[in-house]
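Hi everyone, thanks for making time this morning. Could you bring the structure up on the screen so that we can walk through it together?

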Amino acid sequence: MGDHKEQPLRVGAAVRRRRRSLDLTLAVVAARSGLSVPFLSQIENDRARPSTSSLEKVADALRTTAVELLAAADPACSVDVVRAELTDPGPEPHSRSLVRGHHQMHASEYTGGHEAGREFQYRNDQLMYVADGAVEIEAEGRAYRLGRGDTLYLTGGVRHRWRATVADTRVVVVAVAEHIEAVRNRKR
């Protein structure tokens with residue numbers, strides 16, 4: 001069904017994420033795999049597509065499998081439609097992801113009430129947008145009241161909590177994904 005067409009996978013980002021998570025340099029992976037540093041760099045930047053044999057060598061060097069790297073790969077397409085739910089969720093609060101898959105950005109929509117006592121702290125920056133209704137947000141010792149159309153930007157590491165103050169409130173939260181190293185350790 002036609003919103004998301006199958007595209008070749010871009011394994012480069014998965015290779016880079018895995019290498020960085022192990023705190024390895026390209027030179028170390030090259031030595032372990034028997035492949036050259038320039039070729040590995042081309043793979044990571046999606047300028048070269050590795051053969052099955054090369055991908056297995058890279059996977060072995062990264063202490064994983066080719067299957068795992070492919071599973072973590074990003075699709076090459078740049079367009080994906082996430083349709084609104086066609087069923088009525090009822091009066092209960094709920095959330096839904098607005099982005100499918102493993103990407104640099106994550107977005108969610110929260111509808112209805114929200115657990116006001118729950119505190120959040122994300123590693124990377126996020127933006128909260130009030131699509132409908134109103135919310136109160138406590139961040140950095142201050143309270144903010146936001147209404148329809150208002151936004152609040154929070155840098156990574158800011159502790160905050162929020163609650164809907166109007167029934168049927170809808171809040172969209174867009175954030176840099178947790179697996180992205182977007183923020184170096186900030187000094188407070």
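Let me begin with a puzzle: in strand 10, which residue is the bridge partner of D132? The partner is R170 of strand 10. I'll come back to that residue when we reach the sheet.

Before that, a word on where the numbers come from. This is a predicted model, so please bear in mind that local features need a pLDDT of at least 70, side-chain atom pairs count only at pLDDT 80 or more, and totals for chains, interfaces and linings use all residues. Residues are numbered from 1 along each chain as its sequence is written, and side-chain values use heavy atoms, with hydrogens and water left out.

Now the overview. The chain contains 5 helices and 10 strands; here helices (H or I, at least four residues) and strands (E, at least two) are DSSP runs, numbered from the N terminus. Of the 188 residues in the chain, 34% are buried. By buried I mean under 20% relative accessible area, with exposed being over 50% and partly exposed in between, using a 1.4 Å probe and protein chains only. Among contacts with a separation of 6 or more, 65% are between residues 24 or more positions apart, where contact means heavy atoms within 4.5 Å. About 12,000 Å² of the chain is exposed, and carbon and sulfur atoms supply 49% of that; the areas come from the Shrake-Rupley method with a 1.4 Å probe, and for residues only the protein chains shown count as cover.

Let's turn to the helices, with helix 4 as our guide. Helix 4 covers residues 52–61, and its buried residues are S54, L55, V58, A59 and A61. Looking down the axis of helix 4, these buried residues fall within an arc of 160°, so they line one face of the helix; that arc is taken from the directions from the helix axis to the C-beta atoms. As a reminder, an α-helix has 3.6 residues a turn, so residues three or four places apart point the same way. On the face of helix 4 turned away from the buried side you'll find the exposed residues T52 and D60. And what covers the buried residues? The cover includes helix 1 (12–21), helix 2 (26–33), helix 3 (37–44) and helix 5 (66–71). Just after helix 4, R63 has a positive phi of about 55°.

That brings us to the core. The largest nonpolar core has 17 residues, and V11, V15, L40, V58 and L69 have the most contacts inside it. A nonpolar core here is a set of buried Ala, Val, Leu, Ile, Met, Phe, Trp, Tyr and Cys residues joined through side-chain atoms within 4.5 Å. Helix 2, helix 3, helix 4 and helix 5 each supply at least two residues of this core, and helix 4 gives the most, with 4 residues. Apart from this core lies another, of 13 residues, including F120, A139, L152 and W162.

Two residues are worth a click. Leaving out residues up to four places away in sequence, V11 touches I43, D46, P50, L55, L69, L70 and A73. Then there's A14, which is found in helix 1 and is buried, with a relative accessible area of 4%. A14 and A72 are 58 residues apart in sequence, yet 5.5 Å apart in space, C-alpha to C-alpha.

Now for the sheets. One is an open sheet of 5 antiparallel strands, in the order 3-4-10-5-8, where two strands pair if DSSP finds at least two bridges between them. Its edge strands, strand 3 (94–97) and strand 8 (151–154), each pair on one side only.

Inside that sheet, strand 4 (residues 105–111) is joined to strand 3 by 4 bridges, and S97 stands opposite S108 in strand 4. Strand 4 is also joined to strand 10 (residues 170–176), by 7 bridges. Strand 5 (residues 126–132) pairs with strand 10 over 6 bridges. And here's our residue from the start: R170 is the bridge partner of T111 as well as of D132.

The other sheet I'd like to show is open, with 3 antiparallel strands in the order 7-6-9. Strand 7 (142–147) and strand 9 (160–164) are its edges. Strand 6 (residues 134–139) and strand 7 are joined by 6 bridges, with I137 standing opposite Y144.

That's my tour, and I'm happy to take questions.
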